[in-house]
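User: I'm new to reading protein models and would love a close look at one spot in this one. Could you pick it apart for me and then show me how the rest of the chain looks around it?

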Amino acid sequence: MATPPTSAQTHALSIPEIFELILLNLDTRTLLTKATRICHAWTNFIDSSPPIQWALFFRPLDNALKKPKTQNPLLAETFPSIFHQSGPSNGKTIKMKDTDTNTTNEPCTSTSTSNLTFTTFDMVKHPRKWDAFIRPEASWRRMLVQQPPVYTLSLLRSNVGHGGQYLYIYETLDDQKESAGGLRMDIVFEALVFGDRWDQDEYSATEMVWGQEFLPERVRGGLEIFGVRDLDLVVYTRLGEARDRGYYMESSTLECDVVKNVKAAYTRMGMVPKYSDKAFLRERKSWGSLWD
């Protein structure tokens, strides 16, 4: 049996400023999944507290505050191959290997695999969690992927083999910045499932790059030539990299199965994706080639 709170504890919890500080010292998962279930009063307090909503990545931080870029830690645990990549991770900035020039800008401190794969997602690795994750009201859907928020999701394909480099950039609508308050996880997830994702084969590799500045130097140079600046999240596919065909065929089948299962679940529950290529990409495509 739990020890009843003392009068001092009860008094402290009755002071909003102190109660808020106590809650902010909880880890994100406990704050989201346990504190909100104590009682309606706690839930209402958490929902109405700007600092707590910032900490939970539901409410965007003002970029003017000059806070360091921080990936959503709860989403990073749940969708690891999307997070912990090139860019801000756990308060540390990491850069990707410059595959086009065979040099390294800085060593990558991430321990996860660089390729973006659905099979690393928690809902796929632990099928018992599938129904809870896929439901439309799941809280992860409305979480910002980063604080302060980012606003664009782009697809970039670079031919790193012989014959040059080809860049394709798809950008989100500018008016989505205001309505969503930043890029939220539902759009990222649905863009990968329902959008023009990438042409995967045994000669390609794809990863999520968190900021244009973390792309290989050669690719950044190409973007500057074509006047492309300020990309936030980039689904970066390197074409022309030979991979083990047997491994690719097996992993590709698993990836396709996940996509089919997600689409089937949406259909079964009558869910319509928020993301669509036509609405969010505005059918804009910039391209170019740089020859050696």
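The chain comes to 13 helices and eleven strands. Where does Arg141 lie, and which residues does Arg141 touch?

Analyst: Happy to, and one thing up front: this is a predicted model. Let's start with the address. Arg141 sits in a loop, the one that runs between helix H8 (130-134) and strand S6 (146-147).

Is that residue buried or exposed? Its relative accessibility is 6%, and buried means under 20%, so Arg141 counts as buried.

Now for the neighbours. Leaving out residues up to four places away in sequence, Arg141 touches Phe133, Ile134, Arg135 and Pro136, and also Arg184, Met185, Asp186, Glu190, Tyr266 and Met271. One of these, Ile134, deserves a second look: its backbone oxygen is 2.8 Å from a polar atom of the Arg141 side chain.

Let's follow the chain past strand S6. Pro148 is in the loop between S6 and strand S7 (153-159), and a cis peptide bond joins Gln147 to Pro148, with omega at about -20 degrees. Most peptide bonds are trans, which is what makes that one worth pointing out.

There's another backbone spot to look at, in the loop between helix H5 (50-55) and strand S1 (70-71), where you'll find Phe57. Phe57 isn't a glycine, yet it has a positive phi of about 65 degrees. For comparison, most residues other than glycine have a negative phi. Phe57 is buried too, because its relative accessible area is 6%.

Next, a pair of helices. Helix H2 (residues 16-24) packs against helix H4 (residues 40-48) with the axes 11 Å apart and an angle of about 85 degrees, so H2 is roughly perpendicular to H4. On the H2 side the contact uses Pro16, Phe19, Glu20 and Leu23, while H4 brings in Trp42, Phe45 and Ile46. Sorted by class, that contact of H2 with H4 has six nonpolar residues, one charged residue and no polar ones.

Finally, zoom out to the whole chain. Of its 292 residues, 43% are buried. Take the contacts between residues at least 6 apart in sequence: 75% of them join residues at least 24 apart. As for the surface, the chain exposes about 15800 Å², and carbon and sulfur atoms supply 54% of that.

Methods: Residues numbered from 1 in each chain as written. Predicted model: local features only at pLDDT ≥ 70, side-chain atom pairs only at ≥ 80, totals over all residues. Heavy atoms only, no water. Helix = DSSP H or I, 4+ residues; strand = E, 2+ residues; numbered from the N terminus. Buried < 20%, exposed > 50% of the residue type's maximum accessible area, 1.4 Å probe, protein only. Polar contact = N/O pair within 3.5 Å; in protein donor to acceptor, adjacent residues only side chain to side chain. Contact = heavy atoms within 4.5 Å. Areas by Shrake-Rupley, 256 points an atom, 1.4 Å probe, with all protein chains shown as cover. Axes fitted to C-alpha atoms, helices over the stretch in contact; angles between N-to-C directions. Parallel < 35°, antiparallel > 145°, perpendicular 65-115°, else oblique. Nonpolar A, V, L, I, M, F, W, Y, C, P; charged D, E, K, R; others polar.
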